[in-house]
Amino acid sequence: MLTVIVPLQSSFVQTLNDVIQGLGVSVLLPIIIFAIALAFRVNAGQAFKSSILIGVGFVGIFLVIGLFGGEIGPLADAMVSATGLELTAVDVGWPAAAAIAFGIAELGVWVIPIFVVLNLVLYAIGFTFTLDVDIWNYWHFAFIAGLVYFATDSWGIAMAIGLTLGVFVLVAGDWFQPAIEETFDTPGISIPHATSIPYAVAAIPIHEVVKRIPGVGSTTWDPETIRDRFGVFGEPVTLGLVLGILIGIGGNVNSLGAADSWYTILGAGITFAAVMHILPMMVGILMEGLTPLSESIRDTMTSRFEDRDFAVGLDSAILIGHESTIAASLIIVPVAILMMIVLPGNRVLWGVDLATFPFFFAMMVPLMDGDVVKMVITGIILLIPMHYIAGSVAPLLTDAAASADFDVGEAQLITSPVADAGTPATGLLAIPSQELGVDGAYLSLAAGIVAVLAVWLALRLWPVRMYMVAGASEEKAIEMVERRHTGGSAGILPTKIGEPVDVEELKAEASESD
């Protein structure tokens, strides 16, 4: 009997894998959202139209990012070629990393049903307020699991570490939700995204240092302030044009006397300006479809469970249209290329993931009030370990690619620095396995569990403080405490540990401080 069941399971898993990869996020997520909307009795016509708009928004976002990546990749290669450096770990980007993750030892497929069930259980018992419906992005959990698997040859410990990352982004999504909701006007939406969240969490202590730098902490450089001070030269499209031209010059520095080089340089300027102008429009289309559905679903849940908050977990793509995010992402590109050249011992050759920096910065916007200068300085600091982490795990990712029958071309090694080979999560959860084998994996698993419990406990011990640390205003933090932490339990777990919250007293204290 077992010999019959196992092939059937394997066939089912492979079919599911093929369907997920074949559909992609721009088709898969609208289907899932439509099904969920109908389950929550949203009007079928509204659900259908909104789901289509969500798909259209994702297509538009990826077209713009693809346009950006297609322009910047060759320029980065040209800059490196001019230096004579040989960098062996080629950046193949997140699309390749996702395809590899879904093809590793069936980890990528099994993580989907397992994590769906785990998420439902954790919501039912009150461990999280988020239901992560963005199934496509479960590839991030499989990615970490795959690296651990090739370091340890242990399927069980690899899956456990991948799921631990998933649980961490759920509780961290709860933590950042008030700030995200306030800044981006996304009520009832959480962002349990395993690329954006690790950078946002790591940015918190860095920001505490950056804002104390003389001349930086005392000034504000958000897009509105930049426009007010510099007029047309502070407009996003102008910034994009200037950055594109400068990077184009860097990529053609040895042939500036040729007309073709200037065609390329000016084309890069217009492409960067287009990214600054068009990307927010694409995100706007996505949000046009998403907002009414998320509000209807949340209203249904809160009416059925009056004592519990609920958030729909989605991709951080819905955030990347913010002007601060786009500006910081364009500014950091030449910095990343320069660091690739000057960092001692670096072996990462930037490529596709240069277009992924909006996901890197997306959740830092509330934390830094959209201050582009603070975001860029924080990003530069995070870029240093990113290079070394992404270079270190490149051999594991290359082995994983071979097992998934992914063609790496002529590259000796492959990596994807921003998503997810260079994230702090990869440094914590994969590199110990690479260095110490199974013993390192158990250390990573223990560290991951500690991180999960630390965030969960802190949210229930000091909720106002925690929400403000993540970038929420005091008023928004108190509002969220009123929604979530006024005592009692959600499921079987408490919403507040220690002294009960007196919301009226908090509001009075806040008004007095004003």
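Okay, so let's go straight to Asp 153, which sits in the loop between H6 and H7. This is a predicted model, and what caught my eye here is the backbone. Phi of Asp 153 is near 60°, so to speak on the positive side, in a residue that isn't glycine. Is Asp 153 buried or exposed? Exposed: its relative accessible area is 62%.

There's another one of these further along. Asp 185, in the loop between H7 and S3, has a positive phi near 55°, and again we're talking about a residue other than glycine. Its relative accessibility is 59%, so Asp 185 counts as exposed.

While we're in that loop, have a look at Pro 187, which is also between helix H7 (155-184) and S3. At 25% relative accessibility, Pro 187 comes out as partly exposed; the buried class stops under 20% and the exposed class starts over 50%. What does Pro 187 contact once you leave aside neighbours within four places in sequence? Glu 181, Ser 294 and Glu 295. And here's a long-range one: Pro 187 and Thr 291 are 104 residues apart in sequence, yet their C-alphas are 7.9 Å apart in space.

Now back up to H6, the helix that Asp 153 follows. H6 covers residues 139-152, which is 14 residues, and from first C-alpha to last it reaches 20 Å, close to the 20 Å expected at 1.5 Å a residue. Of those 14 residues, 12 are buried, so H6 is largely enclosed by the rest of the structure. Among the buried ones you've got Trp 139, His 140, Phe 141 and Phe 143, and later in the helix Leu 147, Val 148, Tyr 149 and Thr 152.

Right, the sheet. It's an open one with three strands in the order S2-S4-S3, and the pairing is parallel. On the edges you find strand S2 (130-132) and strand S3 (189-190), each pairing on one side only. S2 runs parallel to strand S4, residues 311-313, and three bridges join them. If you want a residue pair to click on, Leu 131 stands opposite Val 312 in S4.

On to the aromatics. How many aromatic pairs turn up in a search of the whole structure? There are 13. The one I'd show you is Phe 127 with Trp 456: a stacked pair, 5.3 Å centre to centre, with 5° between the planes. Phe 127 is in the loop between helix H5 (107-125) and S2, while Trp 456 is in helix H19, so this pair ties together parts that are 329 residues apart in sequence. Both Phe 127 and Trp 456 are buried.

Then compare Trp 175 and Phe 176, a tilted pair with 5.1 Å between centres and 55° between planes. Trp 175 counts as buried at 7% relative accessibility, and Phe 176 does too, at 1%. There's also a cluster: ring pairs link Tyr 199, Trp 350, Phe 357, Phe 360 and Phe 361.

Two more local spots. Asn 346 lives in the loop between helix H12 (323-342) and strand S5 (348-349). At 10% relative accessibility, Asn 346 counts as buried. Its side chain reaches the backbone nitrogen of Val 348 at 3.0 Å. Beyond residues up to four places away in sequence, Asn 346 touches Leu 87, Met 340, His 387 and Tyr 388.

The other spot is a cis peptide bond between Ala 419 and Asp 420, with omega about 0°. Asp 420 belongs to helix H16, residues 417-421, in case anyone wants to pull it up.

Last thing, confidence. The chain averages a pLDDT of 83, and 90% of the residues score at least 70. Where is confidence lowest, and where is it highest? Lowest is helix H1, residues 2-23, at a mean of 57, and highest is helix H19, residues 438-461, at 96. Over residues 1-8 the pLDDT is below 50, and that stretch has one contact in the model beyond near neighbours in sequence. As for H19, that's the helix holding Trp 456 from the stacked pair.

Conventions. Residues are numbered from 1 along each chain as its sequence is written. This is a predicted model: local features need pLDDT of at least 70, side-chain atom pairs count only at pLDDT 80 or more; totals for chains, interfaces and linings use all residues. Side-chain values use heavy atoms; hydrogens and water are left out. Two strands pair if DSSP finds at least two bridges between them. Helices (H or I, at least four residues) and strands (E, at least two) are DSSP runs, numbered from the N terminus. pLDDT is the predictor's confidence in each residue, from 0 to 100. Contact means heavy atoms within 4.5 Å. Rings of Phe, Tyr and Trp (its six-membered ring) pair if their centres lie within 6.5 Å; planes under 30 degrees apart count as stacked, over 60 as edge-to-face and the rest as tilted. Buried means under 20% relative accessible area, exposed over 50%, partly exposed in between (1.4 Å probe, protein chains only). The expected span of a helix is 1.5 Å times one less than its number of residues. A polar contact is a pair of N or O atoms within 3.5 Å; within protein, one must be able to donate a hydrogen and the other to accept it, and residues adjacent in sequence count only if both atoms are side-chain atoms.
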